[in-house]
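New page in the notebook. I want to get my bearings in this structure, one look-up at a time.

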Amino acid sequence: MPDAEKLSTATGQLGPKCAQTGKPLKFSEAIVHDGEYLSYEAYLELTGAEPSTEPKTVPGLRME
């Protein structure tokens, strides 16, 4: 059974709280890192990761 202190229904759905900020998340938003649920922003801060800034060209895909 999950720890009820780490869960929230503030978003209208049962979901985890961010381990760093305490922000309520949906399970689809949460990133698991070392067994903890993190928001995207907290994950970037904790790991030092950076989002890609250059798009990848996919052959055969047209967006018009």
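**Entry 1: the core.** I started with the largest nonpolar core, which is made up of five residues: C18, L25, A30, L38 and A42. I should keep in mind that this is a predicted model. The general background I jotted down is that in soluble globular proteins nonpolar side chains tend to be buried together. Next I wanted the surroundings of one core member. Which residues does C18 touch, not counting those up to four places away in sequence? I found K23, L25, Y37, L38, S39 and A42 on its list.

**Entry 2: S39.** S39 turned up among the contacts of C18, so I followed it up, because S39 is buried, with a relative accessible area of 4%. I located S39 in the loop between strand 4 (36–38) and helix 1 (40–47). Setting aside neighbours within four places in sequence, I get C18 and L25 as the contacts of S39. Both C18 and L25 are on my list for the largest nonpolar core.

**Entry 3: the aromatic pair.** How many aromatic pairs does the structure hold? I noted one. F27 and Y37 form it, and the pair is edge-to-face, with 5.7 Å centre to centre and 75° between the planes. F27 lies in the loop between strand 2 (15–16) and strand 3, while Y37 lies in strand 4, so the pair ties together parts that are 10 residues apart in sequence. Then I checked whether the two partners are covered. F27 counts as partly exposed at 42% relative accessibility. Y37 is partly exposed too, and I wrote down 32% as its relative accessible area. Y37 is also one of the residues that C18 touches.

**Entry 4: a patch on the surface.** I met F27 and Y37 again here: together with L14 and V32 they make a nonpolar surface patch of about 380 Å². I hadn't placed V32 yet, so I looked: V32 is in strand 3 (residues 31–33). Is V32 buried or exposed? It counts as exposed, at 54% relative accessibility. I also took a distance from V32 to E45, which is 13 residues away along the chain, and their C-alpha atoms are separated by 14 Å.

**Entry 5: H33.** I stayed in strand 3, where H33 is found. H33 is partly exposed, with a relative accessible area of 24%. Which residues is H33 in contact with, leaving aside neighbours within four places in sequence? I read off L38, Y43, L46 and T47. L38 was already in my notes as a member of the largest nonpolar core. For T47 I added a distance: H33 and T47 are 14 residues apart in sequence and 9.2 Å apart in space, C-alpha to C-alpha.

**Entry 6: the loop between strand 3 and strand 4.** I picked out D34 and G35. D34 sits in the loop between strand 3 and strand 4, and at 70% relative accessibility D34 counts as exposed. Its backbone made me stop: D34 is not a glycine, yet it has a positive phi of about 50°. My reminder on that point is that most residues other than glycine have a negative phi. G35 lies in the loop between strand 3 and strand 4 as well. G35 is exposed, with a relative accessible area of 66%. I checked G35 against A19 and got 9.9 Å in space, C-alpha to C-alpha, for two residues 16 apart in sequence.

**Entry 7: after helix 1.** My last stop was P59, in the segment after helix 1. P59 is exposed, with 75% relative accessible area. How far apart in space are P59 and G48, C-alpha to C-alpha? I have 31 Å for them, with their places 11 residues apart in sequence given as the separation.

**Looking back.** Some residues came up under several headings, among them Y37, which is in the surface patch and in the aromatic pair. C18 is another: it belongs to the core and is a contact of buried S39.

Methods
Residues numbered from 1 in each chain as written. Predicted model: local features only at pLDDT ≥ 70, side-chain atom pairs only at ≥ 80, totals over all residues. Heavy atoms only, no water. Helix = DSSP H or I, 4+ residues; strand = E, 2+ residues; numbered from the N terminus. Buried < 20%, exposed > 50% of the residue type's maximum accessible area, 1.4 Å probe, protein only. Contact = heavy atoms within 4.5 Å. Patch = residues over 30% accessible without salt bridge, like charges linked within 9 Å, V, L, I, M, F, W, Y side chains within 5 Å. Areas by Shrake-Rupley, 256 points an atom, 1.4 Å probe, with all protein chains shown as cover. Salt bridge = Lys/Arg side-chain N within 4 Å of Asp/Glu carboxyl O. Phe/Tyr/Trp six-rings, centres within 6.5 Å; stacked < 30°, edge-to-face > 60°. Core = buried A, V, L, I, M, F, W, Y, C linked by side-chain atoms within 4.5 Å.
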